[in-house]
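Could you look through the model below before we discuss it? My remarks follow as numbered points, meant to be read with the structure open.

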Amino acid sequence: MSQVSETSARHVAIIMDGNGRWAKRRALPRAMGHKRGVEAVRTLVRSLQGTGVECLTLYAFSSENWKRPEEEVSDLMNLMRNFIRSDLDEFVENGVRLKIVGDWRALAPDIVEMLEDALERTANGSHTVAVALNYGSQQEIAAAARAAAAEGEITPEAIERHLFTADLPPVDLLIRTSGDVRLSNFLLWQMAYAEMLFVDTLWPDFTPEHLQAALDDFATRERRFGGR
């Protein structure tokens, strides 16, 4: 891997945190926070052209999120359905390739059908929005290691071939909103050399300007990839 500092982030990953706190501060139902969070996603995706970002990966629903109250999980799934219905045509028109990482086929059958259609219709997009659904990084690595072992020697290269993100560039920059400083089982392998930025902004308030500020910060960092 090159030790030359990169000035632009090709692959940005975001842990979209703070929807519930955004709603609580406004004495609103958590569902309203999630709805505003979806609007923030929509605005951010529309702003990607011209940023140099080739892939944006969003942590939408972890494998641990099933532990949340049933009503909240139902609200999140309905928001997903609505987002696909309302935004898929725009993805196609703007050359956005949708990719899903995680065990998404375990979701409700109608969502699986919608996602299959969305993946097919956006397959030829020139830049990628990857959405982590029913995703857990430790589970992903374990499954990739099992698949590598079934083929022969377990090496980093063999494991990488079996990750959900095998066709994506390595993560250059991780952003987590809402002030928490942890990775929450997200892309642990893929972020081996990623730069990280933790911001206090709650996700529904995160704007394209916040993203550009993060990219500007990234451009000032010297990346050594373990070198000196």
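The points below take up confidence, the nonpolar cores, the aromatic pairs, the largest pocket and a few individual residues.

1. On confidence, this is a predicted model, and the average pLDDT of the protein is 94, with 96% of the residues scoring at least 70. The stretch to read with reserve is residues 1-5, where the pLDDT is below 50, although this stretch has 13 contacts in the model beyond near neighbours in sequence.

2. On the nonpolar cores, the largest one has 46 residues, and those with the most contacts inside it are Val12, Ile14, Leu107, Leu133, Leu173 and Ile175. The element that gives the most to this core is helix H3 (residues 70-93), with nine residues. A second core, separate from that one, has twelve residues, including Ile15, Val101, Val171 and Phe186. As background, nonpolar side chains in soluble globular proteins tend to be buried together.

3. Which residues does isoleucine 14 contact, once its neighbours within four places in sequence are left aside? The contacts of isoleucine 14 run to Leu44, to Leu56, Thr57, Leu58 and Tyr59, and further to Ile175, Phe186, Trp203 and Phe206.

4. On the aromatic rings, the count comes to seven aromatic pairs. For tyrosine 59 and tyrosine 135 the ring centres are 6.1 Å apart and the planes stand at 85 degrees, so this pair is edge-to-face. Because tyrosine 59 lies in strand E2 (residues 55-62) and tyrosine 135 in strand E4 (residues 127-135), the pair ties together parts that are 76 residues apart in sequence. Both tyrosine 59 and tyrosine 135 are buried. The rings of tryptophan 203 and phenylalanine 206, by contrast in geometry, have centres 5.2 Å apart and planes at 20 degrees, so that pair is stacked; tryptophan 203 and phenylalanine 206 are both buried as well. Tyr59 and Tyr135 also belong to one aromatic cluster with Phe164 and Phe186.

5. On the largest pocket, the space in it comes to about 930 Å³. It is lined by 39 residues, of which Met16, Tyr59, Ala60, Phe61 and Leu76 are the closest to its centre. Which element supplies the largest share of this lining? That share, eight residues, comes from H3, and the elements that each supply at least two residues include helix H1 (19-25), H2, E2, strand E3 (96-101), helix H4 (109-121) and E4.

6. Glycine 33 is found in helix H2 (residues 30-46) and is buried, with a relative accessible area of 0%. Leaving aside neighbours within four places in sequence, glycine 33 is in contact with Asn19, Trp22, Ala23 and Pro204. The C-alpha atoms of glycine 33 and arginine 21 are separated by 7.7 Å, the two residues being twelve places apart along the chain.

7. Serine 137 has its place in helix H5 (residues 137-151), and at 0% relative accessibility serine 137 counts as buried. Apart from neighbours within four places in sequence, serine 137 is in contact with Asn185, Phe186, Leu187, Leu188, Trp189 and Gln190.

8. Leucine 115 lies in helix H4 and, at 2% relative accessibility, counts as buried. Not counting residues up to four places away in sequence, leucine 115 touches Ile84, Ile100, Trp104, Leu107 and Leu133. Between leucine 115 and alanine 148, which are 33 residues apart in sequence, the C-alpha to C-alpha distance is 27 Å.

9. Two backbone angles deserve a look, given that most residues other than glycine have a negative phi. Alanine 27 has a phi near 55 degrees, a positive value in a residue other than glycine, and asparagine 134 likewise has a positive phi, near 50 degrees. Are these residues buried or exposed? Alanine 27, in the loop between H1 and H2, counts as exposed at 72% relative accessibility, whereas asparagine 134, found in strand E4, counts as buried because its relative accessibility is 11%, and the cut-off for buried is under 20%.

Technical notes
Residues numbered from 1 in each chain as written. Predicted model: local features only at pLDDT ≥ 70, side-chain atom pairs only at ≥ 80, totals over all residues. Heavy atoms only, no water. Core = buried A, V, L, I, M, F, W, Y, C linked by side-chain atoms within 4.5 Å. Buried < 20%, exposed > 50% of the residue type's maximum accessible area, 1.4 Å probe, protein only. Helix = DSSP H or I, 4+ residues; strand = E, 2+ residues; numbered from the N terminus. Contact = heavy atoms within 4.5 Å. Phe/Tyr/Trp six-rings, centres within 6.5 Å; stacked < 30°, edge-to-face > 60°. pLDDT = per-residue confidence, 0-100. 1 Å grid on protein atoms, 1.4 Å probe; cavity = no way out; pocket = protein on both sides within 12 Å on 5 of 7 lines; lining within 4 Å. Points joined across faces, edges and corners; volume = space filled by probe spheres on them.
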